[in-house]
Structure formats: structure tokens, C-alpha cells
Amino acid sequence: MNISQLETLLTISKTMSFRKAGELLNLTQPAVSAQIKTLEDEFKTVLIDRNQPVTLTDHGQVFLEHAEQILSIVEELKQKLSDLHTTPQGHIVLGTTSSIAIQILPRVLSYFQNQFPLIKTTIHTMSSSQVMASVENGSVDIGISYLFEKNPNIHSSVLYYDTFELVVPPSHPMSSLTHTTVDTLKDIPMIMLAPDTLGRRFVDQIFRKYNIQPNIVMEVSSSEEVKRMVEINLGAAVVSKLSIANELRLGTLKMIKVTELETSHPVGVVYKSGRYLNTAMRQFISDLKGMPEHHFISSE
């Protein structure tokens, strides 16, 4: 049994003619007869009384009632699938860092969910390296993360650029400085991100390059934790510039430019190469790519 056969039976019931049904369905009369005969053979019953005028048998009437229900369900399915193209809907599991989740996502998601209220998002915060791994293994649909390494299994698009900056509390001896060099960091207590984070990898590369052994007094897993530790004067730290916009405004942190750290780092949207993207994911990615850079960094 197929949908075409059910549509043919329904059309015959309305036209009471194999010939007229064929004209409406763009089928030859033998093709119409063959479709009905196939249905009758499959269900081992007679559905059509072929005397003139053509009518449905009792079995045909019962069959027609169910055929109409099936065709109605199919039509509803077609409409819902069509609606997905015109009104994106669905669920997105998003992975990102805690700083991006706090600093960037509220503005992005506020706009997105106002435009597409049928799309729901679940956000998991993690380090950038974990974002990449989670996208690759499929535990999150889309990631927003620092793009430090190329991965053939992950498709990425740059959204904006960030830098890493030295921050100290206002009471720190270096707080009056606006610029310094990386060499001065070897003598001060440092609060660092965990070794598996991409931000930490960058800072470690700089320290190795200049043969510096930092005085690490604490390691924490996120930039948000780093900032809180610096605010209570437990040490200095190197963190994302975009993550400290609020603290700089409030005066709870002071930023010091370090010449050797002045490298721009791309932040982008990532998803697994070759995976199926539902309409919600496609719309979210499209909107992110279409946003100007200042939309992400306007909190500065």
C-alpha cells in the first residue's frame, strides 16, 4: 500500500468514475484500475463495485474512512515539515566557555529567541578544548570557542577576535602601570587557568618562549574563577580581554598591557563536519555568522 493508491481510492469515491479519477490524477484509466486491484489483492477484499455508476463496497467504505485519516496525517506531516522551513523550530545543545556564556551569549540569545521563540537552547559551559571535543563526539550540537587548532572533523567560522591581558587588583603594586613586559611576571604570584584550557596553553607558550618560570600560586578551571581570585588580591592573572569588561568598568580589576601577549585570537562558532543540521541549528549558525563583530564586543 502506498499514498498514491489511497489518493486514487479517495478520488474514485468522489468522481464515481475510473476515467474521471484518472484525469484528475494525471493517470491512465488502466493505471487507476491497477492501483485499486493492487490494494484489493493486498487486503484480500473487493473495494470497488465496478458496475455503473462506480461505487464503493461496504469494505471499501470502511477502508476509505481509514484512508482519509491516513491522508490527513500525511498532509499534517507535510505542513509541519514545510513550517520548519518558514518558521525554524527545534532544540540546540550549545557548548561554550563560562566567560562567553556570561559576556556574549545573553545579547546573542536575547535577539535570537525574540526572533525565533520556537527554538529552545540548552547551554553547557566548559573549557574551549572541551567544547571542541564535545562538538566532535556529538554531545553538543554547536560550540562557541577560541579557535586555536585546526581539526578536519570540525567546521569553524570566526565571529570576532579577542586578546589576553594581564589583570591585577587595584591594591596591587603594579596597578599604576599601563604597560609592562612579560619578564616582570616571573616575580609576582600568578593565578592561572587549568593546564587543559586553551588560554593556559597560550600563556605557557609565551612563558616557554621567553624562558620564564611563573610563580603559580593557584590554578582554577574558568576565567570567572580567576577574576574572583584576583579581585581578593590572591595574585595577578592573564585572562580574556572581553571577559573583564564589567570589572574594568566597576574598577575591581586593573588591566596592564603586556607587549608579548598582544596577539589576537579568533573566537568562532563550530560544529561537526558532515553532520545533519536541523533548521534550528542552521538558523542559529546563520544568525551568528551574520552578526557584525561589534555586536559581540560592544560590552567593552
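## Terms and model

A residue is called buried when its relative accessible area is under 20%, exposed when it is over 50%, and partly exposed in between, using a 1.4 Å probe and protein chains only. The structure is a predicted model, in which local features need pLDDT of at least 70 and side-chain atom pairs count only at pLDDT 80 or more, while totals for chains, interfaces and linings use all residues. Residues are numbered from 1 along each chain as its sequence is written, and side-chain values use heavy atoms, with hydrogens and water left out.

Helices (H or I, at least four residues) and strands (E, at least two) are DSSP runs, numbered from the N terminus.

## Strands around β12

Two strands count as paired if DSSP finds at least two bridges between them. Strand β12 covers residues 254-258 and pairs with strand β7, residues 164-168, in the antiparallel sense, over three bridges. One contact to look for is V167, whose bridge partner in β12 is M255.

Strand β12 also pairs with strand β8 (residues 179-180). Here the strands run parallel, and two bridges join them. Within this pairing, H179 stands opposite K257 of β12.

## Helix α8

Helix α8 runs over residues 198-209 and has 12 residues. The expected span of a helix is 1.5 Å times one less than its number of residues. For α8 this gives 16 Å, and the end C-alpha atoms are 17 Å apart, which agrees.

Buried residues in α8 include L198, G199, R200 and F202. V203, D204, I206 and F207 of this helix are buried too. Just after α8, N211 takes a positive phi of about 55°.

## Aromatic pairs

A pair of aromatic rings is described by the distance of the centres and the angle of the planes. Rings of Phe, Tyr and Trp (its six-membered ring) pair if their centres lie within 6.5 Å; planes under 30 degrees apart count as stacked, over 60 as edge-to-face and the rest as tilted. A search of the whole structure finds six such pairs. One of them joins F43 and F63, with 4.9 Å from centre to centre and 80° between the planes, an edge-to-face arrangement. F43 lies in helix α3 (residues 29-43) and F63 in helix α4 (residues 58-86), so the pair ties together parts that are 20 residues apart in sequence. F43 is partly exposed at 38% relative accessible area, whereas F63 is buried at 12%.

The rings of F112 and F284 have centres 5.0 Å apart and planes at 85°, so this pair is edge-to-face. It links distant parts of the chain, 172 residues apart: F112 is in helix α6 (residues 105-115) and F284 in helix α11 (residues 279-290). Both F112 and F284 are buried. Elsewhere, ring pairs link Y146, F148, F164 and F202 into a cluster.

## Salt bridges

Side chains of opposite charge can pair when their charged atoms come close. A salt bridge is counted when a side-chain nitrogen of Lys or Arg is within 4 Å of a carboxyl oxygen of Asp or Glu. The whole structure holds 14 salt bridges by this search. In one of them, the closest N and O atoms of K37 and D41 are 2.9 Å apart. These two residues are four apart in helix α3, which means that about one helical turn separates them. D41 is partly exposed at 45% relative accessibility, and K37 is partly exposed at 43%.

Helix α9 (residues 223-231) holds both K227 and E224, three residues apart, or about one turn of the helix. Their salt bridge has its closest N and O atoms 3.1 Å apart. E224 also meets R228 in a salt bridge, at 3.6 Å from N to O. R228 and E224 are four residues apart in α9, again about one turn. R228 is partly exposed at 32% relative accessibility, while E224 is buried at 13%. Salt bridges with shared partners join E224, K227, R228, E231 and E247 into one network. K227 is buried, as is E224.

## A nonpolar surface patch

Patches are made of residues with over 30% relative accessible area and no salt bridge; like charges are joined within 9 Å, and nonpolar side chains (Val, Leu, Ile, Met, Phe, Trp, Tyr) within 5 Å. Accessible areas come from the Shrake-Rupley method with a 1.4 Å probe, and for residues only the protein chains shown count as cover.

M1, I3, F43 and I70 form a nonpolar patch on the surface, with about 320 Å² of accessible area together. M1 is in the segment before α1 (3-15) and is partly exposed, with a relative accessible area of 46%. F43, described above as a partner of F63, belongs to this patch as well.
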